[in-house]
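Open your viewer, keep the sequence panel beside it, and follow along stop by stop. Each stop tells you what to select and what you will find there.

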Amino acid sequence: MRHSSLAGGESEVIEEKFLVKVFRYDPSRDKKPRYETYMVPAFSNLTVLDALIYIYENYTNLAFRSSCAGGLYGMTVCNQCRVKVNGKSCLACKTMATKNMIIDPLDKRKIIRDLTIEM
Ligand code: FES
């Protein structure tokens, strides 16, 4: 099976699925935050941002930010996709997805919804 990724070109499915646990919280509706787990096809060059986009397109209206797709097409790197993966801050568009990753918003910022925080 082939797939087009944000990184450009085609990639190939190397395993069946990745389990991705994502922080979910809408302060206007939820009493407290929670995690939800999604299955994402494991493509050979799948980034964290690709996984978030897959979740958005196939499961739910997950909120996250991205603008430049990792500086593709000569754009300046926007830094808007920054999240925590397994506790470490990273750019989602530059970080490869891994099995059983846990994605959180950055610490110490007011959460707008899910992975989006006040800038
Ligand atoms: S989307 Fe711009 S740095 Fe990741």
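Two strands pair if DSSP finds at least two bridges between them. Helices (H or I, at least four residues) and strands (E, at least two) are DSSP runs, numbered from the N terminus. Please keep in mind that this is a predicted model, in which local features need pLDDT of at least 70 and side-chain atom pairs count only at pLDDT 80 or more, while totals for chains, interfaces and linings use all residues. Residues are numbered from 1 along each chain as its sequence is written.

**Stop 1: the whole chain**

Show the chain as a cartoon and count along: there is one helix and there are eight strands, in the order β-β-β-α-β-β-β-β-β. Now colour by pLDDT, the predictor's confidence in each residue, from 0 to 100. The chain averages 87, and 83% of the residues score at least 70. Which elements have the lowest and the highest mean pLDDT? Strand β1 (residues 2-4) has the lowest, 47, and β6 the highest, 98. Where pLDDT is low, the predicted coordinates should not be read in detail.

Of the 119 residues, 25% count as buried. A residue is buried if 20 or more other C-beta atoms lie within 10 Å of its own, exposed if 12 or fewer, and partly exposed in between, with C-beta atoms placed from the backbone.

**Stop 2: strand β4 and its partners**

Select residues 82-85, which make up β4. In a regular strand the side chains alternate between the two faces of the sheet. Here Val83 and Val85 form the covered face of β4, and Arg82 and Lys84 the uncovered one.

Add β5 (88-91). β4 and β5 run antiparallel and are joined by four bridges. Arginine 82 has leucine 91 as its bridge partner, and valine 85 stands opposite lysine 88. The two strands form a hairpin with two residues between them, and asparagine 86 in the turn has a positive phi of about 50°.

Next, bring in β6 (101-104). Two bridges join β6 to β4, again in an antiparallel arrangement, with lysine 84 opposite aspartate 104.

**Stop 3: valine 85**

Stay in β4 and click on valine 85. Is valine 85 buried or exposed? Valine 85 counts as buried because it has 20 C-beta neighbours inside 10 Å. Leaving aside neighbours within four places in sequence, valine 85 is in contact with Val48, Cys90, Thr95, Met101 and Ile103; contact here requires C-beta atoms, placed from the backbone, within 7 Å. Try a distance label too: the C-alpha atoms of valine 85 and aspartate 104 are 6.5 Å apart, although 19 residues separate them in sequence.

**Stop 4: threonine 95**

From valine 85, step across to its contact threonine 95, in the loop between β5 and β6. Threonine 95 is buried, because 20 other C-beta atoms lie within 10 Å. Not counting residues up to four places away in sequence, threonine 95 touches Thr47, Val48, Val85 and Cys90. Leucine 49 is 46 residues away in sequence, yet its C-alpha is 7.9 Å from that of threonine 95.

**Stop 5: the largest nonpolar core**

A nonpolar core is a set of buried Ala, Val, Leu, Ile, Met, Phe, Trp, Tyr and Cys residues joined through C-beta atoms within 7 Å. The largest one has 24 residues, and Val20, Val48, Ala51, Leu52, Ile55, Ala92 and Ile103 touch the most other members. β2 (10-24), β3 (34-43), α1 (48-58) and β4 each give two or more residues to this core, and α1 gives the most, with six.

Zoom in on alanine 92. Beyond four places in sequence, alanine 92 touches Thr47, Val48, Leu49, Leu52, Ser66, Cys81 and Val83.

**Stop 6: two asparagines in loops**

Finish with asparagine 79, in the loop between α1 and β4, and asparagine 100, in the loop between β5 and β6. Asparagine 79 has a positive phi of about 70° although it is not a glycine. Asparagine 100, also not a glycine, has a positive phi near 55°. Why does each count as exposed? Asparagine 79 is exposed because it has 12 other C-beta atoms within 10 Å, and asparagine 100 is exposed because it has 10.

Notes: Two residues are in contact if their C-beta atoms, placed from the backbone, lie within 7 Å.
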